[in-house]
Amino acid sequence: MSLHISIIGGGYVGLVTGACFAQLGNKVTIIEIDQRKIDSINKGIPPIYEEGLEEILKKNSGTRLFATNSYASVAESDVSIICVGTPPNPDGSSNLEYIRSAATSIGEALKDNTRYHVITVKSTVPPGTTEKIVLPEVRRNSGRDSDTLGFCMNPEFLREGRAIEDFLHPDRIVIGSSDEQAEEVLKNLYSTLNAPIISTSLTAAEMIKYTANSFLATKISFSNEIGNICKKLGIDVYDVMKGAGLDHRIGSHFLNAGAGFGGSCFPKDVSALISLAESVGERPQLLHAVIEINEKQPHKMLELVRKRIGDLKGKRIAVLGLAFKDNTDDIRDSRSIPVIEELIKEGADVIAYDPMAMINMKRLFPSITYAKSIKDVLKDADGCLIMTEWPEFSHLSEEFSLMKQPPVILEGRRIIKRPEVEGICW
Ligand SMILES: NC(=O)C1=CN([C@@H]2O[C@H](COP(=O)(O)OP(=O)(O)OC[C@H]3O[C@@H](n4cnc5c(N)ncnc54)[C@H](O)[C@@H]3O)[C@@H](O)[C@H]2O)C=CC1
Ligand SMILES: O=C(O)[C@H]1O[C@H](OP(=O)(O)OP(=O)(O)OC[C@H]2O[C@@H](n3ccc(=O)[nH]c3=O)[C@H](O)[C@@H]2O)[C@H](O)[C@@H](O)[C@@H]1O
């Protein structure tokens, strides 16, 4: 059965969620406050780069998928899915201002209406947010009681760059709900996807998301710690993690050592969990270490380049890769940011290249040089730092002959297997 869904927030998650639900045959209204995003979505042009998204938008925009700044569609739809941002406050806790404002607007839109409606939170929120902020805010502003309103918390596990595939083929679907009727509506929404459904309380669903992201981030920091030890001992950490990861109790994913994790979620979500733990009197030692290791990794790139080149003042340093990972133009918390900051501070002549993220990085670092191609970025460079796991970097070989010789090539991701390339922790 197809449903009418209102998606609140047309950012990364909202757009992918809306596009996928439209593709599955539902009617979708994306409610967004940024007019630029609304116009772009309605033209079938995604405001972000995500593989496969443009094709789905072109197919569904104007027929099954619309974007607007009005909350009016909420009253006619079966489900509202809140996908607004939950950015970090300066102390690491989650800023829930957008969640509260979305809940207020949903409540106002549901006033004077009796149709059963389920309000679902998909944004990553601290346990208790759906029950203590969203539920009372919607009830108060709509003047409606629990008989005609249901509440769910349905965390999202997609990865940027592989978002459509992850959304349509998830490992599991977690549904936290206020009651069985609300849970049934969400189960129906996902009925065409082939994945186990985990039914929980609202708070457990919220906690599952923080646990999953923090565990994955812990695997990466653990691999980096082992990598840093391996580097001192002259051992290849990739051989080590392959050998360890094939034990099914460990698992071979997310064991790639290097410059550490970036992106809009791992750093933010681990910090939010730390803040939440401390607010209830629990000091999470392991999570603190996860962040500490992650903060140190990019600086190891600089230690290594100084060791090889010496004083960086006036040296031409090529930075390959600006996105926080491959297949995206997203630079949020990219590990290349602290590296570029430190290179600039030391007076290096920084030249950067990325297949997709240069426009975004230019806003942050307008004064460095951006190269048109890999050859341009490497030409006459004293050193080269590889910061993102773009597959196109893995084929580089001849291009390094354009650098000053012998070339100093340092990798923060293990993508080039050549003897002249040195890894930061292998
Ligand atoms: N980016 C990702 O890969 C993933 C993100 N998440 C979580 O999903 C949530 C959203 O993340 P992103 O999509 O990356 O954020 P985003 O910043 O790309 O998008 C949020 C959107 O909400 C809009 N918005 C803010 N307040 C609004 C309101 N009151 N009404 C309507 N629209 C409003 C903003 O204009 C923005 O376009 C966060 O909690 C994040 O932790 C979860 C899984 C994956
Ligand atoms: O909550 C979220 O936003 C999402 O966060 C991550 O997804 P994402 O940040 O898009 O990308 P990942 O592929 O997880 O990579 C994150 C960072 O870790 C780094 N990484 C990843 C894997 C690895 O082994 N080593 C490593 O350093 C990547 O280079 C990248 O900087 C999670 O993988 C998703 O499940 C989750 O939904």
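Which residue does UniProt list for "active site" in its unreviewed entry?

## The annotated cysteine

The residue listed by UniProt for "active site", in an unreviewed entry, is Cys265. In this predicted model, Cys265 is found in the loop between α10, residues 237-245, and α11, residues 266-279.

Cysteine 265 counts as buried because it has 24 C-beta neighbours inside 10 Å, where 20 or more are required for that class. When neighbours within four places in sequence are left aside, cysteine 265 is in contact with Thr124 and Asn213.

## The surroundings of ligand 1

Ligand 1 is surrounded by 27 residues, of which the closest are Gly9, Gly11, Tyr12, Ser123 and Thr124. The elements that contribute two or more residues to this shell are α1 (12-23) and α5 (97-110), and the largest share, 4 residues, comes from α5. Thr124 therefore appears both among the closest residues to ligand 1 and as a contact of the buried cysteine 265.

Sorted by class, the shell around ligand 1 holds 11 nonpolar, 11 polar and 5 charged residues.

## The surroundings of ligand 2

Around ligand 2 there are 23 residues, and those that come nearest are Glu160, Asn256, Phe261, Gly263 and Cys265; Cys265 is also the residue that UniProt lists for "active site" in the unreviewed entry. Helix α9, residues 202-233, supplies the largest share of the shell around ligand 2, with 3 residues.

The shell around ligand 2 draws at least three residues from each of domain 1 (4-200) and domain 2 (245-423), and its residues divide by class into 10 nonpolar, 8 polar and 5 charged.

Note on methods
Residues numbered from 1 in each chain as written. Chains lettered and ligands numbered in written order. Predicted model: local features only at pLDDT ≥ 70, side-chain atom pairs only at ≥ 80, totals over all residues. UniProt positions renumbered as here; feature names shortened; annotations may be inferred. Buried ≥ 20, exposed ≤ 12 C-beta atoms within 10 Å, placed from the backbone. Contact = placed C-beta atoms within 7 Å. Near = placed C-beta within 6 Å. Nonpolar A, V, L, I, M, F, W, Y, C, P; charged D, E, K, R; others polar. Domains from an automatic or database assignment.
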